[in-house]
Amino acid sequence: MHFTVTAGLAEVAALVRKAVGAGGERITVLWGGWVGPVEKAVEASGVEWTRLEPQEFMSNTLAWADSVRREGVVREPYGFPSALVHEADIAAVAAVALMEDGHVGKAYNLTGPQALTASERIAVLSKIIGRDVELVRITHEQAVERLMATGVSRADAEYVVGWYAKPTEDSTTVVDTVQRVAHRPARTFAEWADEHAERFRLQA
């Protein structure tokens, strides 16, 4: 079984017990950024478990799609590199951990093969969609307010933007976990951008 941590998930311990009671013998859990109630419940379940700790998802780049299509602009407050990971690579590691032995009790930090700044990601995206895209710097508060406008609480918005303001070493450092566990190279951001290029192109 695979658990994905989401905001507002209640009755965590009961949910895990129900899953184990249904015959589950091995669990992977995609963490929520720290070891919280879901992760702890999985560890205490009495069955084999593996925790997946991916850094920033490449799919977060989809947040740029509307402004790229409309204006050819991306607005971000910070320029630190991010060791983005393709969401399909997270799934691949989960599948291996569930199906193969040797992953019990392990916490896997997952990254892509490159740590890229927003400017570097934009350069890759611009080349793939055939259009120049400009990076415009915004303030920390503007970034927080932008998230709050989507319905996110201030506390959650401050947490997300703060993650970009003071990235951890893990979030900026490339590791080879995908290669070691899934037995193939991690997908690049260019591959991700090519797969989703139409989301960023002007509509005819």
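Which residues is serine 82 in contact with, leaving aside its neighbours within four places in sequence? In this predicted model, the contacts of serine 82 are Glu56, Gln114, Ala115, Leu116, Trp163 and Ser171. Serine 82 is placed in the loop between strand E4 (73-76) and H4. The relative accessible area of serine 82 is 5%, under the 20% limit, and the residue therefore counts as buried. Alanine 149 is 67 residues from serine 82 in sequence, and the two C-alpha atoms are 24 Å apart in space.

A second serine, serine 126, belongs to helix H5 (residues 118-129). Serine 126 is also buried, with a relative accessible area of 12%. With neighbours within four places in sequence left aside, the contacts of serine 126 are Arg131, Asp132 and Val133.

The model contains an open sheet of 4 strands, in the order E1-E2-E3-E5, with parallel pairing. Strand E1 (2-4) and strand E5 (106-110) are at the edges; each has a single partner strand, so one side of each lacks a neighbour in the sheet. On average, neighbouring strands of the sheet are turned by 20 degrees against each other, direction ignored. Strands of a sheet are paired through backbone hydrogen bonds, in either a parallel or an antiparallel arrangement.

The pairing of E1 with strand E2 (residues 26-30) is parallel and comprises 3 bridges. Phenylalanine 3 has valine 29 of E2 as its bridge partner, and threonine 4 has leucine 30 of E2. E2 is in turn joined to E3 by 5 bridges, and these two strands run parallel. Leucine 30 takes part here as well, with leucine 52 of E3 as its bridge partner.

In a regular strand, side chains alternate between the two faces of the sheet. For E2, one side carries Arg26, Thr28 and Leu30 and the other carries Ile27 and Val29; all of these are buried, and both faces of the strand are covered. The strand is described as mostly covered, with 5 of its 5 residues buried. Helix H4 (residues 87-99) lies across E1, E2, strand E3 (48-54) and E5, and runs at about 160 degrees to E2.

Salt bridges in the model number 15. Arg26, one of the buried residues of E2, is linked with Glu48 and Asp101 in a network of salt bridges. Another salt bridge joins the side chains of arginine 184 and aspartate 89, at 2.8 Å from N to O. This pair connects distant parts of the chain, as arginine 184 is in the loop between H9 and H10 and aspartate 89 is in helix H4, 95 residues apart. Arginine 184 is partly exposed, with a relative accessible area of 23%, whereas aspartate 89 is buried at 0%.

The loop between helix H9 (177-182) and helix H10 (189-195) also holds histidine 183. Histidine 183 is not a glycine, yet has a positive phi of about 65 degrees. The relative accessible area of histidine 183 is 55%, over the 50% limit, and the residue therefore counts as exposed.

Within helix H3 (residues 65-71), arginine 69 and aspartate 66 are 3 residues apart, about one turn of the helix. Their side chains form a salt bridge with an N to O distance of 2.4 Å. Arginine 69 is partly exposed, with a relative accessible area of 24%, and aspartate 66 is likewise partly exposed at 41%. A further salt bridge is formed by the side chains of arginine 70 and glutamate 71, with an N to O distance of 4.0 Å. Arginine 70 is exposed, with a relative accessible area of 61%, while glutamate 71 is partly exposed at 38%.

On the surface, Trp34, Tyr159 and Val160 make up a nonpolar patch of about 310 Å². Valine 160 is part of helix H7 (residues 154-165). The relative accessibility of valine 160 is 34%, and the residue counts as partly exposed.

Definitions and conventions:
Residues numbered from 1 in each chain as written. Predicted model: local features only at pLDDT ≥ 70, side-chain atom pairs only at ≥ 80, totals over all residues. Heavy atoms only, no water. Patch = residues over 30% accessible without salt bridge, like charges linked within 9 Å, V, L, I, M, F, W, Y side chains within 5 Å. Areas by Shrake-Rupley, 256 points an atom, 1.4 Å probe, with all protein chains shown as cover. Buried < 20%, exposed > 50% of the residue type's maximum accessible area, 1.4 Å probe, protein only. Contact = heavy atoms within 4.5 Å. Pairing = 2+ DSSP bridges. Axes fitted to C-alpha atoms, helices over the stretch in contact; angles between N-to-C directions.
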